[in-house]
Amino acid sequence: MRFDLVIRNGTIATASDVFAADLGIKNGVIVQIGGAMDEAAESIDAAGKYVLPGGIDSHVHIAQPSGEGIVMADDFESGTRSALFGGNTMVLPFCLQEKGRPLREALKAYHALAEGNCYTDVSFHLIVSDPSEAVLGQELPALVEDGYTSFKVFMTYEDLRLSDAQILDTMDVARRTGALVMVHCENEDAIRYLIGRHEAEGTVAPRAHATTRPIAVEREATHRAVSLAEVADVPLVIVHVSNREAMEEIERARRRGRKVIGETCPQYLMLTADDLDGMDWEGAKFVCSPPPRDTASQDACWDGLERGVFDLFSSDHCPFRYDDPAGKLNPKGSRNFRHIPNGIPGVELRLPILFSEGVMKGRIDLPRFVALTATNQARTYGLYPQKGTIAVGADADIAIWDPSLTRTVRHADMHDGADYTPYEGAELTGWPTTVVLGGKIMLRDGTLTGTKADGSYRSRGRSQFATVPPKVGAGT
Ligand code: DUC
Ligand code: ZN
Ligand code: ZN
């Protein structure tokens, strides 16, 4: 066979194995692992490097409407370019339903933004903000059939939060259709109460973002979410878990036999609430929800990554420019923490952070790294085994890593649309240098070789963990 591309001399890692073998690619898929591969249109020498499945970041926000006067820092072009440089071949952003409007309307607009503008493959989760009868009865079930097989619901934010009844109704759609529900767990009423107390005392600087969203707020909501999922009898994903008490709710639910998928993110390993204390409102750069906690919580999240409390390590990339009236320092946000947009950039550093701090420091091994960042992401969101692994027949989505490369993080070297990185100055060892998407070399030795027309939208199947939907006509 004449291959389109052969990756030679590398060390391949999957979620289960690490082994030396060459990799043969033809027509965008992996067609041979190991053995002779003499004839190839193109070759990459991966001696001394790791050959891993391309990262899948199942939790990113791109061009998401974020309130009046606020603009997210990344569109699809910059967000997926940044993702690619960070070793990813696929991202899953959220398509937000506007209140009172059909989800299809938001999807049409979102597809138009993505079309022709992606350096990685993309697929969309839905955010259900208005679970009306029409949405629950007709629209969502039809969208699940069309490949939008996961939706996020919020327990916080005045304009997004759903009541327990609405969450149960949404979970019931998931139960009937085989979709997967993701929950943002923070108790909005408790946050409002604390905001009232802080404002009465005149405490309005960025640090107050953390003190109005303490661990109890997240723990209670996590307990409620897993309980509601138990009542509705559905699996669920608890996204962006920041601390041990929320982790314990996940573990307790699992001991009761529930399927709960846990996700944590780089900010909960690398940042603390003290970062929100910066001079001149610099703390705004670190405002995200749930907020970063303390070093004990960082240790807890590492423990959760090691022990399997967490199945997913995602970025929750949600970038806003700092020094910008449409970003963190918007006219209201520069006077009161309540108006600082929530979210920080991270899609480009998610993998280098976990590689450097996790693999290189011996906290996790390479198969666990692959599982957390690619394989479990694909399994959870209906992309496996086409994506998320290195196997014959899988898409040739590959990231080649140089474990000997040490770099100091500088925003000047990032490829997103923000004007800062929360990880400025971190010294990280192990970086992706070459990335292949569907058999095409997109990034070669750190140089962009692909175009924004190379990524495509991918419809998804159902999660491996979702309930099996009843057969049509089965009378349920
Ligand atoms: N939740 C997210 O998942 N991302 C950013 C902000 C938020 O509240
Ligand atoms: Zn969230
Ligand atoms: Zn998010």
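# Rings, kinks, cysteines and a cavity

Tryptophan 401 is buried, at 1% relative accessible area (buried means under 20%, exposed over 50%, partly exposed in between, with a 1.4 Å probe and protein chains only). The model is a predicted one, so local features need pLDDT of at least 70 and side-chain atom pairs pLDDT 80 or more, while totals for chains, interfaces and linings use all residues. Residues count from 1 along each chain as its sequence is written, chains are lettered from A and ligands numbered from 1 in the order written, and side-chain values use heavy atoms, without hydrogens or water.

## Exercise 1: aromatic pairs

Work out how phenylalanine 76 and tyrosine 110 pair up, then do the same for phenylalanine 355 and tryptophan 401.

*Solution.*

Step 1. Start with the total: searching the whole structure turns up 11 aromatic pairs. Rings of Phe, Tyr and Trp (its six-membered ring) pair if their centres lie within 6.5 Å; planes under 30 degrees apart are stacked, over 60 edge-to-face, and the rest tilted.

Step 2. The ring centres of phenylalanine 76 and tyrosine 110 are 5.1 Å apart and the planes meet at 70°, so this pair is edge-to-face.

Step 3. Now place the two residues. Phenylalanine 76 belongs to helix α1 (residues 76-85) and tyrosine 110 to helix α2 (residues 103-114), so the pair ties together parts that are 34 residues apart in sequence. Helices (H or I, at least four residues) and strands (E, at least two) are DSSP runs, numbered from the N terminus.

Step 4. Check burial: phenylalanine 76 is buried at 1% relative accessibility, and tyrosine 110 is buried too, at 4%.

Step 5. On to the second pair. Phenylalanine 355 and tryptophan 401 have ring centres 4.7 Å apart and planes at 15°, so they are stacked. This pair links distant parts of the chain, with phenylalanine 355 in helix α11 (residues 350-359) and tryptophan 401 in strand β17 (residues 398-408), 46 residues apart. Phenylalanine 355 counts as buried, at 0% relative accessibility.

Step 6. Go back to phenylalanine 76 and follow the ring pairs outward: Phe76, Tyr110, Phe124, Tyr148 and Tyr457 are linked into a cluster.

## Exercise 2: charges over rings

Which ring lies under the charged end of lysine 152, and which under that of lysine 259?

*Solution.*

Step 1. Set the test: NZ of Lys or CZ of Arg must be within 6 Å of the ring centre and within 35 degrees of the ring normal.

Step 2. For lysine 152, the ring is that of phenylalanine 94, with the charged end 5.3 Å from its centre.

Step 3. For lysine 259, the ring belongs to phenylalanine 465, and the distance to its centre is 4.3 Å.

## Exercise 3: unusual backbone

Find where the cis bonds to proline 290 and proline 385 fall, then look at the positive phi values of tyrosine 157 and aspartate 316.

*Solution.*

Step 1. Serine 289 to proline 290 is a cis peptide bond, with omega near -10°. Proline 290 sits in the loop between α9 (267-270) and α10 (295-307).

Step 2. Tyrosine 384 and proline 385 are also joined by a cis bond, with omega about 5°. The loop here, holding proline 385, runs between α12 (366-380) and β17.

Step 3. Tyrosine 157 isn't a glycine, yet its phi is positive, about 75°. Look for this residue in the loop between β12 (150-154) and α4 (164-177).

Step 4. Aspartate 316, not a glycine either, has a positive phi of about 50°. The loop between β16 (312-313) and α11 holds aspartate 316, which is buried at 8% relative accessible area.

## Exercise 4: cysteines

How many disulfides does the structure have?

*Solution.*

Step 1. A disulfide needs two cysteine sulfur atoms within 2.5 Å. The whole-structure search finds 0.

Step 2. Try cysteine 185: the closest cysteine sulfur, in cysteine 265, is 12 Å away, too far for a bond. Cysteine 185 is buried, at 3%.

Step 3. Try cysteine 288: its closest cysteine sulfur is again in cysteine 265, 8.4 Å away and too far for a bond. Cysteine 288 is buried, at 3%.

## Exercise 5: the largest cavity

Which element gives the most to the lining of the largest cavity?

*Solution.*

Step 1. There are 2 cavities of 30 Å³ or more. A cavity is a set of points, on a 1 Å grid over the protein atoms alone, where a 1.4 Å probe fits but cannot get out; lining residues have an atom within 4 Å of a point. The volume is the space filled by probe spheres set on the points.

Step 2. The largest cavity holds about 40 Å³ of space. Its lining includes Leu52, Pro53, Phe369, Val370 and Trp401.

Step 3. Both β7 (50-53) and α12 supply at least two lining residues, and α12 gives the most, with 4.

Methods
1 Å grid on protein atoms, 1.4 Å probe; cavity = no way out; pocket = protein on both sides within 12 Å on 5 of 7 lines; lining within 4 Å.
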